[in-house]
Structures are given as structure tokens and as C-alpha cells.
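Good morning, colleagues. I would like to take you through one structure, beginning with a single side chain and working outwards from there.

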Amino acid sequence: MSALLDGVYEGSMTMKELARHGDFGLGTFDELDGELIAFDGEFYHLRHDGSVNPVHAEEMTPFASVTYFQPETTFTIDRPMSRTDLEALIDGLLPSENLFYALRMDGQFEQVVTRTVTKQKRPYPTLVEATKSQPVFTLNQVEGTMAGFRMPAFAQGLSVAGYHLHFVDDDRTGGGHVLDFTLLGGTVQIGQPAELHLHFPETAGFMNADLTGRDVAGEIEIAEGGASR
């Protein structure tokens, strides 16, 4: 994630290879061309024009987090809950803030506010600059799936600390990186991956990036639109 902040958008792993490491997760694509969401072994490419398409095996990613989703906790929401309220509820159920958690929510949403980053051209801007012009979508009265992670504070820079979620609707007509939502009702599943495996790209951009001396938490907060809360 620190490299992404510095404008390292060159893909270093194909979707085919990424799928060998997990069937669930999120990320982005080569040259920051939209958002990735994966669940049930299906990987989708969400673009800035609002389109949703299954990924191609040879599409590349510069950043992704995936796992084999194995829910250990499942519960039902039967009343409207904001993002803030639901995150507080989940936090109260977790055994520790120092572990990694995979989160999936399926249900009916009163509203989901998303963004999708736009494909960038060289020379690449920083992520903060690239996301200033990102398209923002508001999906009303929609059914769909959110997939993502709650990462511990010490993971900031490797990934995004706190909650990081992507969304796609059941009709596969819209979605993106989640900025806010209100869940009317549905099912929440929480998994607890026990290991972290890190793949470092060997692209020229990564090898030559200066990943020191930056306000990683502050820049992530700006670029991710509050995802690191």
C-alpha cells in the first residue's frame, strides 16, 4: 500500500496467479484501472464508468489482498445500521484488535456510496492526487455483497489499517470501493486468517520507489476516503 501511495501502479501479478492465493478479497488493477472484488471464487473488475465485468486471467494487479474465506462468526442484521454502527458492532465481537479479519456482508442496502479509481498514465501521480478526480456513485435501495478486511493498526502501509471494503450489486451493474453505506438487513460473516504471506513486486517502479518519510496513515485516509477509520 505504501508503494501504491507513491504512484507504483505497474501490475506485478496476474489474476490467474492471484487466484491461487485466495478466493476472496479486493485490490486494484494495472495503472490503477478500477477496483477488484472477489468472493465465492469469482473475481470482478469494477471500472470508473460504473461497469462490472469478470476479470481476465492475464489482467495484472499492483496491489491486492486475498484469502480463502472461512467464516467463523455469522450473524443477521434485521434493522437499519450505518457503517459506523455496524463497524462498532463488529469490533465488539472480535477477540483482539491485533488480528486480521475477512468480512463479508450480503443484504439489502438503503444506500451504498462508492468510488472507482480511473486508469492513470505515465508519469503516474501519487495516489492522493489520482483519487482527487475519482468518480463517486450513490446506489440506492440495492441488494449486493461487500467483501473486504479489517486490518490491525500495525498493518498500515502493508495494507489499509481498519476497515477496507469493496461492493458489487447482485445484478452486477455497479459497485466499487466503499465510502459509506446503510445496511437495512442481511447477513454478516467474519473469518480470521491465521497467516500473512507477502508478495513483493520486482517492477522498476517498486524497486526505485522512495517509501520513507511519508505520512502513510494520513495519505491513506485521504486517498481511501475514510477507509482507515
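The model before you is predicted. Let us begin at histidine 177, which is placed in strand β13, residues 175–191. Is this histidine buried or exposed? Histidine 177 has a relative accessibility of 0%, and therefore counts as buried, the limit being under 20%. Its side chain has a polar atom 2.8 Å from the backbone oxygen of glutamate 224.

That contact brings us to glutamate 224 and its own side chain. Glutamate 224 is joined to arginine 115 by a salt bridge, with 3.5 Å between the closest N and O atoms. This pair links distant parts of the chain: arginine 115 belongs to strand β10, while glutamate 224 is in the segment after α6 (216–223), 109 residues apart. Both of these residues are buried.

Which other residue forms a salt bridge with arginine 115? The partner is glutamate 35, and here the closest N and O atoms are 3.0 Å apart. Again the pair links distant parts of the chain, with glutamate 35 in strand β3 and arginine 115 in strand β10 (residues 101–115), 80 residues apart. Glutamate 35 and arginine 115 are both buried.

The count of salt bridges comes to 13. One of them is formed by the side chains of arginine 47 and aspartate 33, at 3.6 Å from N to O. Arginine 47 sits in the loop between β4 (42–46) and β5 (52–54), and aspartate 33 in the loop between β2 (24–28) and β3 (35–39); the two are 14 residues apart. Their exposure can be stated as well: arginine 47 has a relative accessible area of 25% and is partly exposed, whereas aspartate 33, at 13%, is buried.

I turn now to the aromatic side chains. There are 8 aromatic pairs by count. In one of them, phenylalanine 100 and phenylalanine 154 have ring centres 6.0 Å apart and ring planes at 75°. Why is this pair called edge-to-face? The planes stand at 75°, and an angle over 60 degrees counts as edge-to-face. Phenylalanine 100 is in the loop between α3 (83–93) and β10, and phenylalanine 154 is in the loop between β11 and β12 (162–169), so the pair ties together parts that are 54 residues apart in sequence. Phenylalanine 100 is buried, at 18% relative accessible area, but phenylalanine 154, at 54%, counts as exposed.

Another edge-to-face pair consists of phenylalanine 109 and phenylalanine 167, with centres 5.4 Å apart and planes at 75°. Phenylalanine 109 is in strand β10 and phenylalanine 167 in strand β12, 58 residues apart. Phenylalanine 109 is buried at 0% relative accessibility, and phenylalanine 167 is buried with a relative accessible area of 0%. In addition, Phe24, Phe69 and Phe149 make up one aromatic cluster.

Finally, the open space. The largest pocket has a volume of about 1,100 Å³. It is lined by 43 residues, and those closest to its centre are Ala64, Ser65, Leu196, His197 and Leu198. Elements that give two or more residues to this lining are α1 (2–5), β7 (64–67) and β11 (136–151). Which element gives the most? Strand β7 does, with 4 residues. By residue class, the lining divides into 26 nonpolar, 14 polar and 3 charged residues.

Thank you for your attention.

Methods. Residues numbered from 1 in each chain as written. Predicted model: local features only at pLDDT ≥ 70, side-chain atom pairs only at ≥ 80, totals over all residues. Heavy atoms only, no water. 1 Å grid on protein atoms, 1.4 Å probe; cavity = no way out; pocket = protein on both sides within 12 Å on 5 of 7 lines; lining within 4 Å. Points joined across faces, edges and corners; volume = space filled by probe spheres on them. Nonpolar A, V, L, I, M, F, W, Y, C, P; charged D, E, K, R; others polar. Buried < 20%, exposed > 50% of the residue type's maximum accessible area, 1.4 Å probe, protein only. Polar contact = N/O pair within 3.5 Å; in protein donor to acceptor, adjacent residues only side chain to side chain. Salt bridge = Lys/Arg side-chain N within 4 Å of Asp/Glu carboxyl O. Phe/Tyr/Trp six-rings, centres within 6.5 Å; stacked < 30°, edge-to-face > 60°.
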